[in-house]
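The exercises below are meant to be worked with the sequence and the model open side by side. Try each task before reading its solution.

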Amino acid sequence: MTDPDVSTPTAPSGKKLLIGSVAALAAAGVGVVGFVLPAEFGIDPLGIGNALGLTELSEPGLNEEQIRGNKRVGVLALSDQPPQPEAWSDRWQITLRPYEAIELKYTLAEKALLDFSWTATAPLYYDLHSHPFDGGDALTETYSLDTLSQMHGRYVAQFTGLHGWYWQNRTMSDVTLTIQAAGPIEGSTLFEMGVPSERELTPPE
Amino acid sequence: MLRWALPLLLLGLLLAADSALAHDISQADRAAVARIEGPAPGAFLYLGAKHMVTGIDHILFLIGVIFFLYRLRDVVIYVTMFTIGHSLTLMGGVLLNTGANAYIVDAIIGFSVVYKAFENLGGFRRLGIAIDTRTAVLVFGLFHGLGLATKVRDLGLSDDGLLVNLISFNIGVEVGQVAVLAVVVTLFNLWRPTRTFAPGAFYANLALMAGGFVLMGYQLTGYFNS
């Protein structure tokens with residue numbers, strides 16, 4: 001059995017082959033650097049991706065809640081250190097088992113200011129969001145969504161409703177979360193597996 | 001006018017397939033598979049065929065392989081080598097639960113396209129390198145199978161009915177391959193006797209080579225970025 005001739009009947013000259021191969025590599029290089037990298041990875045050294053709107057493709061999609069939340073200005077002022085209010089209105093602690101999640105909400109009136117500080121013994125996935133009483137879950141707004149082990153700052157309620165965090169422990173060991181909050185809090189609600197339960201505020205002594 | 005129609009049609013096929021550059025099992029399919037427990041030969045047969053038909057990397061390689069195969073017997077021999085190669089690593093990789101980094105495997109698959117195009121251009125003969133083309137197709141078949149195995153493992157198959165589902169997926173891959181080949185072989189048979197084939201073949205293989213380089217660049221960037 002002989003190897004069939006699988007190359008061009010009129011094979012190109014060495015020079016033509018070399019030039020062609022280099023041209024193919026160059027064309028591929030332009031395609032990768034100019035178009036594929038911006039669109040797939042957001043790497044845009046030539047600026048073509050930005051000009052053509054390709055880099056947007058590489059950004060992770062925002063959900064509706066985040067899009068609504070991103071339209072707000074001045075909701076959240078984060079700081080490196082916990083705020084120093086005259087007195088904390090609430091202090092709450094919970095230990096989350098692996099992949100356990102909890103949601104803590106404060107009832108706040110529109111324009112209410114909330115100083116807050118939470119720390120966890122390991123990074124927690126969180127979603128800082130709010131549900132307006134007028135509109136409910138359908139108009140939920142998310143202001144910050146990430147995985148962090150602490151968060152401090154001042155929060156400004158954009159409307160009267162429930163405001164607070166969803167946390168999930170995405171590690172394989174227990175994580176203890178402590179939150180303190182100060183402000184005109186009118187009530188507090190816990191959501192476990194989506195089931196709400198009212199809780200009393202427990203200020204630190 | 002008409003003599004340019006076929007090369008243009010082939011080019012159109014390439015561009016259409018380009019939208020499948022990000023060659024993964026789609027999110028919807030992934031969610032569907034996650035719900036499947038037990039044997040589901042129909043679903044996996046379809047997924048295997050779909051993976052092959054929408055996979056630009058496999059299609060480019062197949063185009064390269066049959067570019068200059070004039071006789072049906074040669075087409076069958078080469079495609080059999082490719083099938084043996086990818087079936088071995090697809091079945092073996094999933095059953096033994098071993099796999100390689102998906103980016104590296106996909107970069108090698110991209111390289112297989114570059115290799116085949118360069119060989120078609122007579123590059124290796126000119127460099128004085130003699131590589132048995134059938135062995136090369138078999139070896140690259142092994143890598144293509146490794147890539148398929150990684151994709152199947154990504155689906156997170158349950159052990160219940162694994163063998164049936166895996167064999168179904170593999171048969172689906174072959175069905176998809178035959179579907180792709182039927183189109184490509186037909187188009188080549190129509191293009192080859194025309195006067196544009198000889199000059200067009202040079203540029204077509206350079207285009208194949210460029211496509212392979214793009215796949216390599218994409219996958220290698222993914223590897224170093226992850």
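Chain A contains four helices and nine strands, where helices (H or I, at least four residues) and strands (E, at least two) are DSSP runs, numbered from the N terminus. This is a predicted model, in which local features need pLDDT of at least 70 and side-chain atom pairs count only at pLDDT 80 or more, while totals for chains, interfaces and linings use all residues. Residues are numbered from 1 along each chain as its sequence is written, and chains are lettered from A and ligands numbered from 1 in the order in which they are written.

**Exercise 1. Set out the secondary structure and burial of each chain.**

Step 1. Read along the sequence, the elements of chain A follow the pattern α-α-α-α-β-β-β-β-β-β-β-β-β, whereas chain B has ten helices and zero strands.

Step 2. A residue is buried if 20 or more other C-beta atoms lie within 10 Å of its own, exposed if 12 or fewer, and partly exposed in between, with C-beta atoms placed from the backbone. By that count 28% of the 205 residues of chain A are buried, and for the 226 residues of chain B the value is 43%.

Step 3. Two residues are in contact if their C-beta atoms, placed from the backbone, lie within 7 Å. Among contacts between residues at least 6 apart in sequence, 77% in chain A join residues at least 24 apart, and in chain B 93% do so.

**Exercise 2. Is A:Gly53 buried or exposed?**

Step 1. Locate A:Gly53 in the loop between α2 (48-52) and α3 (55-58) of chain A.

Step 2. A:Gly53 counts as exposed because it has 10 C-beta neighbours inside 10 Å.

Step 3. As a distance check, the C-alpha atoms of A:Gly53 and A:Ala39 are separated by 8.5 Å, although the two residues are 14 apart along the chain.

**Exercise 3. Which strands does β3 of chain A pair with?**

Step 1. Two strands pair if DSSP finds at least two bridges between them.

Step 2. Strand β3 (residues 101-108) runs antiparallel to β6 (residues 161-168) of chain A, with eight bridges joining them; in β6(A), A:Gln168 is the bridge partner of A:Ala101.

Step 3. β3(A) is also joined to β8 (residues 187-192) of chain A, again antiparallel, by five bridges, and in β8(A) the partner of A:Thr107 is A:Gly187.

**Exercise 4. Describe the side of chain B that touches chain A.**

Step 1. The contact draws 26 residues from chain B and 24 residues from chain A.

Step 2. On the chain B side, α6 (102-120), α7 (123-126) and α10 (197-225) each supply at least two residues, and α10(B) gives the largest share, twelve residues.

Step 3. These chain B residues divide into 14 nonpolar, seven polar and five charged, where Ala, Val, Leu, Ile, Met, Phe, Trp, Tyr, Cys and Pro count as nonpolar, Asp, Glu, Lys and Arg as charged, and the others, Gly among them, as polar.

**Exercise 5. Trace the largest nonpolar core.**

Step 1. A nonpolar core is a set of buried Ala, Val, Leu, Ile, Met, Phe, Trp, Tyr and Cys residues joined through C-beta atoms within 7 Å.

Step 2. The largest core has 62 residues, and those touching the most other members include B:Val114, B:Ala210 and B:Phe213.

Step 3. The elements giving it two or more residues include α1 (14-41) of chain A and α10 of chain B, with α10(B) providing the largest share, twelve residues.

Step 4. Not counting residues up to four places away in sequence, B:Ala210 touches A:Ala24, A:Ala27 and A:Ala28.
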